[in-house]
Every structure is written in structure tokens, then in C-alpha cells.
Amino acid sequence: MTPKQSHYRFLSTFVYVYFFAQAMSVSLLALWLRSTLELSGTETGIVFAANAFAAMCSQPVYGYLSDKLGMRRHILWVVGVLCMTSGLFLVYVYGPLLKTNVLAGAAVGGIYLGITFLAGSYAIESYVDRIGRAYGFEYSRVRLWGSLGFASAAFMSGRLYNLDPHYNFMLASVAGLVLVAMLAFWRLPAHGATDTREQALRLRDALALLRDKAFWRFMVFVLTVTNIYLVYDQQFPSYFAAQFPDKATGAAMFGYLNSLQIFFEAAGLFLSPLLVRRIGAKNGLLLAGTIMVLRIFGSGVAVGPVSISAMKMLHSVELPILVVSVFRYIACHFDNRLASTVYMVGVSFGHSLGLALLSPIVGRSYDLIGFPSSYLLLSAVGAGFLVLSAFSLSPTPAETGSPPHPDDSPEQTGDVAKASS
């Protein structure tokens with residue numbers, strides 16, 4: 001087996017198990033908070049804001065350390081160990097604390113969930129992209145296994161939730177134990193574990209991004225369009241379940257549909273590189289943003305289980321285009337030595353900042369004017385910022401030739417890309 005095949009198979013399996021754990025922990029979190037713990041929409045918004053704030057604080061650190069450590073596995077170890085303890089934390093610490101004191105529970109849970117499943121997922125994705133560029137395989141072809149892992153968990157999570165939500169949380173811990181065992185046996189070649197170019201990265205190189213106009217133009221799209229979509233999606237499971245005769249049926253149906261949606265998403269991750277290469281990364285971002293706005297608007301006018309389910313399925317089209325476009329946009333416009341920093345700060349930190357600010361406001365809106373009216377308002381705001389993003393994002397040409405060879409110099413590729421923009 002070649003190193004390329006070995007690392008592809010390991011990372012595909014690792015990502016599958018990690019996203020299985022993530023789904024078991026957080027896919028029905030909104031339903032658990034509102035139905036089991038009986039938090040209000042405002043209180044649920046506060047909890048999600050705390051999660052986002054904690055992730056926001058850890059993401060720049062994750063990004064800089066990822067670029068500094070290169071291919072070494074330290075971050076994978078941290079995330080794996082935290083996953084292993086997730087069930088115990090959610091059952092014996094987080095739930096009881098939220099019942100006693102919402103603010104204290106939100107703060108403690110935000111730190112844990114933010115580092116483990118919010119910022120942690122971005123850090124793993126960035127690591128996969130780094131290994132893929134080094135060994136010559138496509139990031140999205142690994143990430144699709146993450147979607148399959150999430151789908152596998154989602155398929156059973158609704159039924160398990162109706163039996164006892166704690167079953168989901170404990171299965172997340174079992175998955176974390178598998179991650180730790182896998183890391184104990186995985187080895188990278190000595191030259192791959194320490195990349196001298198990335199070791200030379202200095203803090204001032206990363207801080208220079210804050211003076212880069214291209215970075216801030218990219219942030220306009222992240223801070224507005226994608227954040228409006230993410231805050232819409234936070235409490236969507238509760239609205240979805242309300243479209244059915246009872247909450248138990250709604251929870252089970254959400255699990256089934258979530259699983260089906262993610263299987264389609266995995267197929268999209270396999271095919272989306274072909275589309276994004278043809279239309280260019282900027283147009284890929286705008287296309288994904290258009291689908292986001294349409295899904296939010298459609299949810300606001302949907303009536304009954306069928307139409308709301310159709311809106312849910314749009315996520316399987318939008319996500320593959322978005323994630324491939326993001327990585328290709330970064331590769332085209334920024335120095336590849338800073339790829340993880342740009343991703344963790346520009347995308348992950350940007351998402352967390354927006355969610356920390358928007359979650360309590362939108363949660364309050366659900367309580368005051370209801371889900372449908374809130375969705376229509378969000379879609380209008382999102383559409384306005386999507387038009388702005390069409391002018392703010394840097395032009396990205398279609399990739400008509402063959403993709404760069406994995407042995408090409410990252411620094412040279414980044415410099416040429418920036419010059420072309």
C-alpha cells in the first residue's frame with residue numbers, strides 16, 4: 001500500500017468516526033435543550049452563543065498551531081481525548097448544570113463543546129486538507145466520509161433520543177475511544193511529520209493577514225451570508241419536529257431525513273470539485289450562498305412535513321459546493337503556509353463571532369414573532385449581503401487545466417495565485 005493510500009484510508013476512517021461522535025453529541029442538541037431540559041428559545045440562544053464564543057476564542061489558536069505544527073498529530077490527539085469524555089460530560093455535568101443555572105451551564109458547556117465539536121471539526125478539516133495537498137488526494141473525497149459518519153449517527157439518533165438522549169451521548173464517547181485507539185497505531189513518515197517550511201512560520205506572518213484587504217473581502221461573505229444561515233440552522237430541528245403530530249414522531253423523522261440528506265451530501269462532496277473547478281471558487285461561494293438564502297426563505301413559507309423536508313434536503317446541495325469553494329478560494333488568494341490560519345480565523349472564527357452575536361437575537365425573535373416570520377426576515381438580510389459579497393469577493397478564474405501536482409511548492413503556488421488576483 002502506498003503512503004497516499006494509507007493516509008487517505010486512515011483519515012477517511014478518522015473523519016467518519018469523528019463526525020459520528022459529533023452527530024451523536026450535537027445533532028439533536030436544540031431538541032434536547034428545548035424539549036428535555038425545557039429551555040426557552042432565548043435560553044437556547046444563549047447556550048448556542050456561549051458555544052460559539054468559546055469556539056471563537058480557540059479557533060485562532062487552533063489555526064496558528066496547525067500551521068506551526070504542520071503534519072504532526074497533536075491537535076488530533078486533543079480532539080480525540082475530548083470526544084472520548086463527551087458522553088460523561090453531557091450527562092453528568094452539562095445537563096444538570098443547565099437545569100440549575102443556565103448561564104453557568106452555558107459557559108462551561110460552551111468551552112467544552114466549542115473546543116471539541118465546533119472549533120475541533122474545523123481543525124480536523126484543515127489538517128486533512130494539509131495532508132491531502134502533501135500526498136495528492138482531494139480534501140472533499142475524505143470529507144465525504146465525515147458526512148457518511150454523521151449520516152450513520154443521524155439515522156439512529158432520533159429513535160435513540162426517544163428512548164433516552166443519554167444513549168446518543170454515550171455512543172459519542174465510544175466513538176472517541178476508537179479515535180484515540182486509531183491515533184495510537186497511525187504513523188506518518190519522519191519527513192512528513194515535520195515540515196521545515198511550516199516550522200519557519202512566525203506569529204507576525206499570521207498577524208499580517210489582518211492587513212490583507214483580500215482577507216477582509218473574504219470575511220464579508222463569511223460574517224454575513226454564512227453566519228445568517230448557520231444561526232437559522234441552529235434551532236431548525238425544533239421547528240421541523242413541530243410540523244409533526246407529536247414531538248417523538250418529529251424527532252424520529254428528523255433523524256431519518258438528516259441521514260438521507262447527508263448521504264446525498266456525501267455524493268455531492270465527491271462531485272462538487274468538478275463543478276467548482278469549472279465555475280471558479282468565487283462563483284462557487286455565491287452559488288452556495290444563493291441556495292442558503294433560498295432554503296431560509298423556503299422554510300419561512302413551508303407548510304407541513306413535506307415542504308419543510310424539501311427545505312432540509314437543500315443542505316445536501318449547498319454544503320459540498322461551499323466547503324470545496326472555501327478551500328479553493330483560500331488556495332488561490334493566500335499563501336499556503338497560512339492555509340490553516342486563514343481557514344480557522346477567516347471561516348471558523350468568523351462563524352463563531354457571528355453566531356455569538358446573532359444567536360441570542362434570533363432566539364429572542366423566535367419567541368416574539370415565531371419561526372416563519374423570523375426565517376423570512378433572515379432570508380431578506382441574507383439576500384442583501386449576498387449581493388454585497390458578489391462585489392467584495394476577489395475574482396477567481398475557472399480551473400480549466402489539470403490541478404497542481406502535490407509536490408509543487410506551497411509558497412510558490414500561493415504567491416502565483418495572489419499575483420493573479
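Okay, let's start with the whole protein: of its 421 residues, 59% are buried. Keep in mind that what you see on the screen is a predicted model. Secondary structure is quick to list, with 20 helices and 0 strands. And if you take the contacts with a separation of 6 or more, 88% of them join residues 24 or more positions apart.

Now let's zoom in on one helix, α5, which covers residues 86–100. Does its length make sense, and what span should we expect from its 15 residues? At 1.5 Å a residue you'd get 21 Å, and the C-alpha atoms at the two ends sit 20 Å apart, so the two numbers agree. That said, α5 has a bend of about 30° at Tyr94. Within four residues after that comes a proline, Pro96. Tyr94 is also one of the buried residues of α5, and others include Phe89, Leu90, Val91 and Leu98. Ser86, Gly87 and Gly95 are buried there too. A handy thing to remember here: an α-helix has 3.6 residues a turn, so residues three or four places apart point the same way.

Next up, a pair of helices. When two helices pack, people describe them by the angle between their axes and the distance between the axes. For α14, residues 247–279, and α16, residues 304–313, the axes come within 9 Å and cross at roughly 35°. That crossing is right-handed. On the α14 side, the contact uses Phe254, Leu257, Asn258, Leu260, Gln261 and Phe264, while α16 brings in Ser309, Lys312 and Met313. Sort those by class and you find 5 nonpolar, 3 polar and 1 charged residues.

Last stop is α19, residues 371–392, where we find Gly382. Is Gly382 buried or exposed? Its relative accessibility is 2%, and buried means under 20%, so Gly382 counts as buried. Setting aside residues up to four places away in sequence, Gly382 touches Val225, Ile228 and Val293. Look at Val225 for a second: Gly382 and Val225 are 157 residues apart in sequence, yet their C-alpha atoms are 5.3 Å apart in space.

Ser389 is in α19 as well. With a relative accessible area of 0%, Ser389 is buried. Which residues does Ser389 contact, leaving out neighbours within four places in sequence? They are Val220, Phe221, Thr224, Val225 and Leu286. So Val225 turns up again: it's in contact with Ser389, and Gly382 touches it too.

That's my tour, thanks for listening!

How values were computed:
Residues numbered from 1 in each chain as written. Predicted model: local features only at pLDDT ≥ 70, side-chain atom pairs only at ≥ 80, totals over all residues. Heavy atoms only, no water. Expected span 1.5 Å × (residues − 1). Bend = angle between axes of the 7 residues up to and from the residue. Buried < 20%, exposed > 50% of the residue type's maximum accessible area, 1.4 Å probe, protein only. Contact = heavy atoms within 4.5 Å. Axes fitted to C-alpha atoms, helices over the stretch in contact; angles between N-to-C directions. Left-handed = near helix turned anticlockwise from the far one by under 90°. Nonpolar A, V, L, I, M, F, W, Y, C, P; charged D, E, K, R; others polar.
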